[in-house]
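Here is a short tour for anyone who likes to check geometry by eye. Load the model, keep the sequence at hand, and follow along from one helix to a pocket and a few loops.

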Amino acid sequence: MSKKARLSSSDDLLRENETTKDWVSQLPDDILINIISKLTLMEAARTCVLSSRWRYLWTFTTALDFDGIREILPRTKRYFREYKFVRWVNKVLVLHRGSNVSQFRVSFYLSSSLEGVITNWIYKALAKTVQNFELDFRYNSGHHYTFPQEIYNSLKGVRGLSSIKSLRSICLSAVNVTGEILEFFIHNCPLLDELCVKDSIDLVSLKVVGSSVRLKSLDIQYCSFMKDIEISTPNLFSFKYYGPKIELHIENVPQLVELSVRADHTVEDMFLVAPLVCYFPQLTMLELDSCNEVYKHFSNCELPKLIHLNLRVTIPNHECLVGLACIMKSCPSLQKLTLELQSSGRRIGKKTQQVLRCSHQHLKLVELHMFRGREIDLQLAFYIFENAAILGKMIVEPSNYMTRKEIRNCTQMLESKLPQGVELVIGSLYVSDYKHG
């Protein structure tokens, strides 16, 4: 072989090596760990077979998301599910080598006999200076995990306080926790931005008070024995409350721009809304249950900054059409309107008030959920067609009670009055765009 031929062969081999070279594996460990941390835990663990370089990298993942509902339930027989989930979590926690965890999340249904196991998981998570902590046991069919007093007591010491300094969010679902424990976290976690508690039997009273409190988002839902909430903190950005009628005291919340309030019963909405009306003018997002008393609040104030309004219409009747007209007048900057058209089977009032026209210049997107094709459902849609000057899209999500024939008939009626240039979407089905175009 000539010298020229040998050189040519060497060049081809070099180019082939360059093409097949594993450049990803040449990246620094911290970049690879960052990539692995964006995968699910199951996917991250599978990277160990790629090469010797990858064998243990997954054990440094910063995302410990134990989603048993997604990872275990679909693949496991019923009587093995709890055993397999517990074994999976325990094994990962033993193998995990990272000292810092951005996320620790457990989502599964677990029996009350495993409270000691769960407590051990919490200790291990806090030892890794976790940032986002979540326990979700809503699938427990009535069983609740009680946040242990022993953990609370251990956190009060110097070592315990240092383990929660990095916490940025806490979310507890179907976890019994007292207001005393929550307030401890609020005042001793300097980075805590978000607190979410759902379905806690032990939560009765909660105070979020203090100029030094950093909390930006407070979400309390379906805590059956809740009696009162007091809020006075200048950093609060978002507040959500779903549940029974309570004593609600709110003051000194200049940053509050997102508010969601829903009562267990529609007639109780006015008691929850009344203390909040004075903050309506500063809101950009508002979610409420609607009733005549709620509509009156809109007639007595303006919401000049409101961009997104979500109303659960529990009693669709003529009054809610009058209320919609009042809302559109009070919210001149509204860009997105969501109406959930439910029905309690109870009517309020008679068709006595005239519905006034109110041309709206900013409303672009309207969503009608649980649409049943009743006369009032269609009237609400037609009123929006007539008064939203720059409406771009209306999304209609039909109720499960509607037949295909009823959906087709309603679609035809909506299309018959659809303004030019407005896109109509029925569920996930694209129906019409530029009707006259």
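In helix H12, the buried residues are His318, Glu319, Cys320, Leu321, Val322, Gly323, Leu324, Ala325, Cys326, Ile327, Met328 and Ser330. Buried here means under 20% relative accessible area, exposed means over 50%, and partly exposed lies in between, using a 1.4 Å probe and protein chains only. H12 is thus mostly covered, with twelve of its 13 residues buried. The helix covers residues 318-330; at 1.5 Å a residue it should span 18 Å, and its end C-alpha atoms, 19 Å apart, agree with that. The expected span is 1.5 Å times one less than the number of residues.

A word on the ground rules: this is a predicted model, in which local features need pLDDT of at least 70 and side-chain atom pairs count only at pLDDT 80 or more, while totals for chains, interfaces and linings use all residues. Residues are numbered from 1 along each chain as its sequence is written, and side-chain values use heavy atoms, with hydrogens and water left out.

Stepping back, the protein has 14 helices and 20 strands. These are DSSP runs numbered from the N terminus, with helices (H or I) of at least four residues and strands (E) of at least two. Of the 437 residues in the protein, 48% are buried. Among contacts between residues at least 6 apart in sequence, 63% join residues at least 24 apart, where contact means heavy atoms within 4.5 Å.

Next comes a pocket. Which residues line the second largest pocket? They are Met42, Ala45, Trp58, Ile72, Lys84, Arg87, Trp88, Lys91, Val92 and Leu95. A pocket is an open set of points on a 1 Å grid over the protein atoms alone, where a 1.4 Å probe fits and protein lies on both sides within 12 Å along at least five of seven lines; lining residues have an atom within 4 Å of a point. This pocket has a volume of about 190 Å³, the volume being the space filled by probe spheres set on points joined across faces, edges and corners. Helix H3 (41-46) and helix H5 (78-95) each supply at least two lining residues, and H5 gives the most, with six. By type, the lining has seven nonpolar, no polar and three charged residues. Ala, Val, Leu, Ile, Met, Phe, Trp, Tyr, Cys and Pro count as nonpolar, Asp, Glu, Lys and Arg as charged, and the others, Gly among them, as polar.

UniProt, in an unreviewed entry, lists residues 25-59 as "domain: F-box". Over residues 25-59 the chain is 40% helix and 0% strand, with its end C-alpha atoms 16 Å apart.

Asn176 sits in strand S6 (residues 175-176). Beyond its neighbours within four places in sequence, Asn176 touches His144, Tyr145, Thr146, Phe147, Ser200, Ile201 and Asp202.

Finally, some loop residues. Asp199, although not a glycine, has a positive phi of about 60°. Asn252 is another non-glycine residue with a positive phi, near 55°. The C-alpha atoms of Leu418 and Met394, 24 residues apart along the chain, are separated by 9.6 Å.

| Residue | Loop between | Relative accessible area |
|---|---|---|
| Asp199 | S7 (194-198) and S8 (205-209) | 27%, partly exposed |
| Asn252 | S12 (247-250) and S13 (258-263) | 41%, partly exposed |
| Leu418 | H14 (404-416) and S19 (423-426) | 3%, buried |

Methods:
UniProt positions are given in the numbering used here, feature names are shortened, and annotations may be inferred rather than shown by experiment.
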